Every structure is written in C-alpha cells, then in structure tokens.
Amino acid sequence: MVPLRLVHVSRCARPSYKGPWGFASSLLPSRLSARKLVALATDSGTCSDMAEPRLLVVGCGAIGGILAGHLLEIGHDVSLLTTNSEIAAALRERGVRVTGDEPPVPAHARAVFEQLRPDVQPFDYIFLATQPPQVEAAAESAAAWLAADGRVVCFQNGLCEERVAKFVGPDRV
C-alpha cells in the first residue's frame, strides 16, 4: 500500500468549504484546530521516493469538499465522485475552494466522476464522505475500484465502519 503522509496545514484557524453553490459553511468546532489536517500517517520517512497514492473522495458536500480541498491544496492526486450532476459540473468548471483568512484558491481534482467507469485505475484510499443513509451504496459502488491493498476511510457521524466492511472487508476500513 502506498502510504499517505500526515501534513501540517496552516491556512487558517477555522476553514470553511465554499461549495459549488457559492455558500460557505464553517465545519470545525472551535475546540478543534484546522492547522492539523487529519490524514492517515506512517512513520516510513519521506514519500519523495514512493509513488503518489491515488485518492478518491466519494461525496462532495461540506465534509467531502473540505477534505478534497485540503488534500488538493497540499498536492495529492485526488479524484472526486458525486452522483449529483450539477455539483459535478460546478466542480469541473470552478474546482474546490477552501476559504478562511486568505482568499480562496480553486483546486481542481484529477477527475470528477458521476459514476466510475471500468477503465478507471484502482485507488489506494477511498474516503467516504456521504450521509450515513447512503454509505452502503457508496461503499458498494466504489469497492471494485479499491486497490488490492487499499483502504477505505469513513467520515460519517455514526458507526458506519461495520456497514462498509461488508463490501471491502473489516481489515480494510
């Protein structure tokens, strides 16, 4: 598995995601600091000699949007999957913008999908950022594109890991 490094982000104290509709939503409670973007980490040294991990963010609402925006901002290879054609079109045209103390800089994903095609290469990490009622359908639709040693990360409120494990196995969630 290609490791994903923990990075330090110091863009602003409380970022918000400016979605394709132009509204901003504050995402982090005041007790949390956005200066530490939580990502999977390894202690294997630098990633400069390793292949870039392929990342897929499934669900491009507030949580998926801020996650994708920060990962893109720091240079990761990110693709997006949303079943909403209007959101997909807006993301293709305008990219993802994370706002804060500084003006937003649009970041464009490698690809924006409304449905994964058979010719799409597998992803090392799939981040599920859908609403809990849609997590099983999202996991099932993306499971075929998870690399053999890939991992799925759930970003839902609630305990969705067991539901996702049915599609990818408990050791991969």
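Buried means under 20% relative accessible area, exposed means over 50%, and partly exposed is what lies in between, with a 1.4 Å probe and protein chains only. Helices (H or I, at least four residues) and strands (E, at least two) are DSSP runs, numbered from the N terminus.

The model is predicted, so local features need pLDDT of at least 70 and side-chain atom pairs count only at pLDDT 80 or more, while totals for chains, interfaces and linings use all residues. Residues are numbered from 1 along each chain as its sequence is written, and side-chain values use heavy atoms, with hydrogens and water left out.

**Exercise 1. Find which residues of helix 2 (residues 85-94) are buried, and state how they are placed around the axis.**

Step 1. The buried residues of helix 2 are Ile 87, Ala 88, Ala 90 and Leu 91.
Step 2. These residues cover an arc of only 165° around the axis (the arc is that of the directions from the helix axis to the C-beta atoms), which puts them on the same side of helix 2.
Step 3. The face turned away from this buried side carries Glu 86 and Glu 93, which are exposed.
Step 4. A general rule helps here: an α-helix has 3.6 residues a turn, so residues three or four places apart point the same way.

**Exercise 2. Describe the burial of strand 3 and its pairing with strand 4.**

Step 1. In strand 3, 5 of the 5 residues are buried, so the strand is largely enclosed by the rest of the structure.
Step 2. Arg 54, Leu 56 and Val 58 point one way, whereas Leu 55 and Val 57 point the other way, and all of them are buried.
Step 3. In a regular strand the side chains alternate between the two faces of the sheet.
Step 4. Strand 3 pairs with strand 4 (residues 77-81) in the parallel sense over 5 bridges, where pairing requires that DSSP finds at least two bridges between two strands, and Arg 54 stands opposite Asp 77 in strand 4.

**Exercise 3. Identify the buried face of helix 3 (residues 135-143) and the elements against which it packs.**

Step 1. Val 135, Ala 138, Ala 139 and Ala 142 are the buried residues of helix 3.
Step 2. Seen down the axis, they fall within an arc of 95°, so they line one face of the helix.
Step 3. Ala 137 and Glu 140, on the other side of helix 3, are exposed.
Step 4. The buried residues pack against strand 3 (54-58), strand 7 (123-128), strand 8 (146-154) and helix 4 (161-168), where contact means heavy atoms within 4.5 Å.
Step 5. Thr 130, in the loop between strand 7 and helix 3, counts as buried at 16% relative accessibility, and among the residues that Thr 130 touches, not counting those up to four places away in sequence, are Val 135 and Ala 138.

**Exercise 4. Work out the surroundings of Leu 72 in helix 1 (residues 62-73).**

Step 1. Leu 72 counts as buried, because its relative accessibility is 13%.
Step 2. Leaving aside neighbours within four places in sequence, Leu 72 is in contact with Val 78, Val 96, Ala 107, His 108 and Ala 109.
Step 3. Although Leu 72 and His 108 are 36 residues apart along the chain, their C-alpha atoms are separated by 7.3 Å.
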